[in-house]
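User: Please take a close look at one part of this model, the second domain and its strands, and set it in the context of the whole chain.

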Amino acid sequence: MEGNVPAFEGTAEQAAALRKVIEERKTQPGCLMRVLQEAQDIYGYLPKEVQIMIADGLGISLSEVYGVATFYTQFSLMPKGRHRISLCLGTACYVKGADKILEALEEKLGIKCGECTPDGLFSLDSCRCVGACGLAPVMMIDDDVHGKLTVEMLDGILDSYREGK
């Protein structure tokens with residue numbers, strides 16, 4: 001494992017599913033976006049190994065695949081954790097201390113924003129607004145909204161997910 005990037009561990013079943021998607025779509029004009037979306041559904045993210053399979057299968061360059069995968073925010077080149085943390089950094093949340101919450105989360109989880117913990121339990125991302133400005137600062141973990149956050153609340157919240165909330 002390099003840094004906080006786990007080694008790619010795709011299965012034969014996933015590879016077969018991706019080959020099927022590529023085969024079904026490769027004659028469709030502009031199929032790359034759809035193939036990337038389906039590949040991310042299969043693997044959960046788009047590691048280099050998957051991008052190579054797509055490039056080879058569609059007969060296009062790896063740089064073209066990488067360019068599209070990195071241009072659109074819907075795609076992730078990093079694995080996501082079992083619990084996905086998204087911290088709002090929109091104006092209301094930022095003014096109420098979301099930057100301090102982010103610093104504390106990075107320290108407590110041992111990762112930077114955009115990464116996944118080595119055990120695969122948590123991934124940490126930021127967003128611009130979750131639509132709950134009255135609860136600022138706000139973070140979502142999976143589909144759960146946690147508002148009026150303080151740094152002191154984070155250990156209890158994270159522990160509840162570690163314990164299988």
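Analyst: The answer goes from the whole chain to the strands, then to single residues.

This is a predicted model, in which local features need pLDDT of at least 70 and side-chain atom pairs count only at pLDDT 80 or more, while totals for chains, interfaces and linings use all residues. Residues are numbered from 1 along each chain as its sequence is written, and side-chain values use heavy atoms, with hydrogens and water left out.

The protein chain is divided into domain 1 (12-71) and domain 2 (83-162); such bounds come from an automatic or database domain assignment. The C-alpha centres of domain 1 and domain 2 are 31 Å apart. Along the principal axes, the C-alpha atoms of the protein chain fill a box of roughly 50 × 30 × 25 Å. Seven helices and four strands are present in the protein chain, where helices (H or I, at least four residues) and strands (E, at least two) are DSSP runs numbered from the N terminus. Their order from the N terminus is α-α-α-α-β-α-α-β-β-β-α. Of the 165 residues, 38% count as buried, a term that means under 20% relative accessible area, with exposed over 50% and partly exposed in between (1.4 Å probe, protein chains only). Among contacts (heavy atoms within 4.5 Å) with a separation of 6 or more, 60% are between residues 24 or more positions apart.

Strand 1 (residues 83-88) pairs with two other strands, pairing being counted if DSSP finds at least two bridges between two strands. Six bridges join strand 1 to strand 2 (residues 122-127), and these two run parallel. Within that pairing, R84 has S123 in strand 2 as its bridge partner. Strand 1 and strand 3 (residues 139-141) run antiparallel and are joined by three bridges; here S86 is the bridge partner of M140 in strand 3.

F122 is found in strand 2 and counts as buried, because its relative accessibility is 1%. Not counting residues up to four places away in sequence, F122 touches G81, H83, I85, L109, I111, E115, C116, T117, L158, Y161 and R162. The C-alpha atoms of F122 and F8 are separated by 17 Å, with their positions 114 residues apart along the chain.

L121 lies in the loop between helix 6 (98-109) and strand 2. L121 also counts as buried, because its relative accessibility is 8%. Leaving aside neighbours within four places in sequence, the contacts of L121 are G81, R82, H83 and R162. L121 and T70 are 51 residues apart along the chain, and their C-alpha atoms are separated by 24 Å.

The loops that follow hold some backbone features. P137 has its place in the loop between strand 2 and strand 3, and the peptide bond from A136 to P137 is cis, with omega near -10°. D142, in the loop between strand 3 and strand 4 (144-146), has a positive phi near 55°. D142 is described as partly exposed because its relative accessible area is 31%. K148 lies in the loop between strand 4 and helix 7 (154-162), and phi of K148 is also positive, near 50°. K148 is exposed, because its relative accessible area is 52%. As background, most residues other than glycine have a negative phi, and most peptide bonds are trans.
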